[in-house]
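Thank you all for coming; I would like to take you through one model this morning, going from a helix to the strands and then to the contact between chains. Please have the structure open while I talk.

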Amino acid sequence: MGLFFLDSRLNTFSSIRSNLSIVTYPVQVVAALPREISDWLTETFQNRTQLKARNAELETNNLLNSQRLQKLENLERENMRLRELLGSSFRLRDRVKVAEIVTVDLDPFSPQVVIDKGERDDVFTGQAVLDATGVMGQVVSMNPLSSHVILLTNPSHAIPVQLNRNGLRAIVTGRGVNELLQIDFLPHNADIRVGDLLVTSGLGGVFPVGYPVGTVTTVGFPQGKAFAEISVKPAAQIATSRDVLLVLNSNTVNASSGLITSDENINDGG
Amino acid sequence: MADNRARHGGGFIIASIFFSIVLMLIPLPDFLRFFRPEFVALTLIYWTMALPRHVGVGYAWLVGLFMDLVMGGALGLMAFSYAFIVYLVLTFHLQLRQYPIWQQAISIFSLVLLLQMLLLLTSPRVADWNFWLPPFVSMMLWPAIYTILRSVRRTFHVS
């Protein structure tokens, strides 16, 4: 009884825990095996037409993305110039590392996933985890080989956000069971509408600034309650993503020191 | 060799528990996720019922600790819950053995429900109607699990 109090409140065992949880790695590997095998089989025996279709789709995507990138570079430079004029420091590009989600199902009532990068790959507690479309969660514990990521949908997770439209700050918390998030403690007169995009505000110091968190799906102002009831659909594909990005460090750099040119994508197969 | 097995046989218990942990982790389609029965708890309950001298509170506690590490919850959460359930089974194992299998299944329902409640009370989680699913599915699967583990016990003379 005392053990879980010590662990959850005082963090007494974090180092012992990370050493012990190495033992669990083989179990996770075994549990992930059937899925890996079926994935491998479908990948190997995919027929030619499917591959061609997929290739075409990816190529179109690539074309669209590179077109957008051209514009983005321009905008980035402009943004930096303006920020230089204001004298503020800001970092537009974060370095990321690619990790893969180990295909095991954990407790469905408390959403978490396991990724295949751990202490050996310099993962740290509180590291932000993104996928291709938005923020997924943050690292809570790791062992040398793998780490646990708490998802946005977990009821014990909260993330500071900002409305993309007007900069209104709020906190988004998970609701656990279903795939929706909620905003607590926004007053009835808050300027928020259905369809508003929420991005990370970077205020907590954990998440980097400006990544999409979700869109507002319903806004209710219940009579007799102090705060509005707002639900948010996460931008990340929390249930289906396989590859995730770990943000390396979100130290700000001074705008005057110039642009960070190459978008480094460190992927050490590890 | 056979004699040796009869005295130890603990390897089969550990193997079955390992297998049940793997079953807890195997990815299921999204709509089935909440239907997963508490395989580990069921396996522990069976062995406690069958071999109360072999498998007890300490055993359950260790398995629970391992589950905590696997699941990434607070350390000791599952350990405490499993130990508690197994303590109840130990207290009532003589009655439980006498029950017909459907009545055992009902006891299983209440035990797994208790487990769920302990977890609900001690960790941040939100539950609605699907909170009832794991106990229910565990109850439905108990006859099958009971038969399988009994045949394992008899074939390999685990005692």
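**A helix, two sets of strands and a contact**

Let me begin with helix α4 of chain A, residues 48-86, which has 39 residues and reaches 55 Å from its first C-alpha to its last, close to the 57 Å expected at 1.5 Å a residue, the expected span being 1.5 Å times one less than the number of residues. Helices here are DSSP runs of H or I with at least four residues, strands are runs of E with at least two, and both are numbered from the N terminus. I should say at once that this is a predicted model, in which local features need pLDDT of at least 70, side-chain atom pairs count only at pLDDT 80 or more, and totals for chains, interfaces and linings use all residues. Residues are numbered from 1 along each chain as its sequence is written, while chains are lettered from A and ligands numbered from 1 in the order in which they are written.

How many residues of α4(A) are buried? The count is zero among its 39 residues, and the helix is hardly covered; by buried I mean that 20 or more other C-beta atoms, placed from the backbone, lie within 10 Å of the residue's own. Across chain A, buried residues make up 29% of the 270 residues.

Turning to the strands, chain A has 13 of them, beside four helices. Strand β5(A), residues 147-151, is mostly covered, with five of its five residues buried: A:S147, A:V149 and A:L151 lie on one side, and A:H148 and A:I150 on the other. On pairing, which requires that DSSP finds at least two bridges between two strands, β5(A) runs antiparallel to β2(A), residues 112-115, over four bridges, with A:I115 and A:S147 as bridge partners. β5(A) also pairs in the antiparallel sense with β4(A), residues 135-142, over five bridges; A:G137 stands opposite A:L151 there, and a hairpin of four residues joins β4(A) to β5(A). From β2(A) we can step on to β1(A), since two bridges join these antiparallel strands, and from β1(A), residues 96-102, to β12(A), residues 243-247, through five bridges, again antiparallel.

Elsewhere in chain A there is a closed barrel of six strands, in the order β6-β7-β8-β11-β10-β9, with antiparallel pairing. The twist averages 45 degrees from one strand to the next, where axes are lines fitted to C-alpha atoms, for helices over the stretch in contact, and angles run from 0 to 180 degrees between N-to-C directions. Within it, β6(A) and β9(A) pair over three bridges, and A:Q162 stands opposite A:V199.

Finally, the two chains together. Their contact takes 28 residues from chain B and 35 residues from chain A, two residues being in contact if their C-beta atoms, placed from the backbone, lie within 7 Å. Which element gives the most to the side of chain B that touches chain A? That is α4(B), with four residues.

The largest nonpolar core, meaning a set of buried Ala, Val, Leu, Ile, Met, Phe, Trp, Tyr and Cys residues joined through C-beta atoms within 7 Å, has 86 residues, and those with the most contacts inside it are A:V135, A:M136, B:L44, B:I45 and B:Y82. Here too α4(B) gives the most, with 10 residues.

How values were computed. A residue is buried if 20 or more other C-beta atoms lie within 10 Å of its own, exposed if 12 or fewer, and partly exposed in between; C-beta atoms are placed from the backbone.
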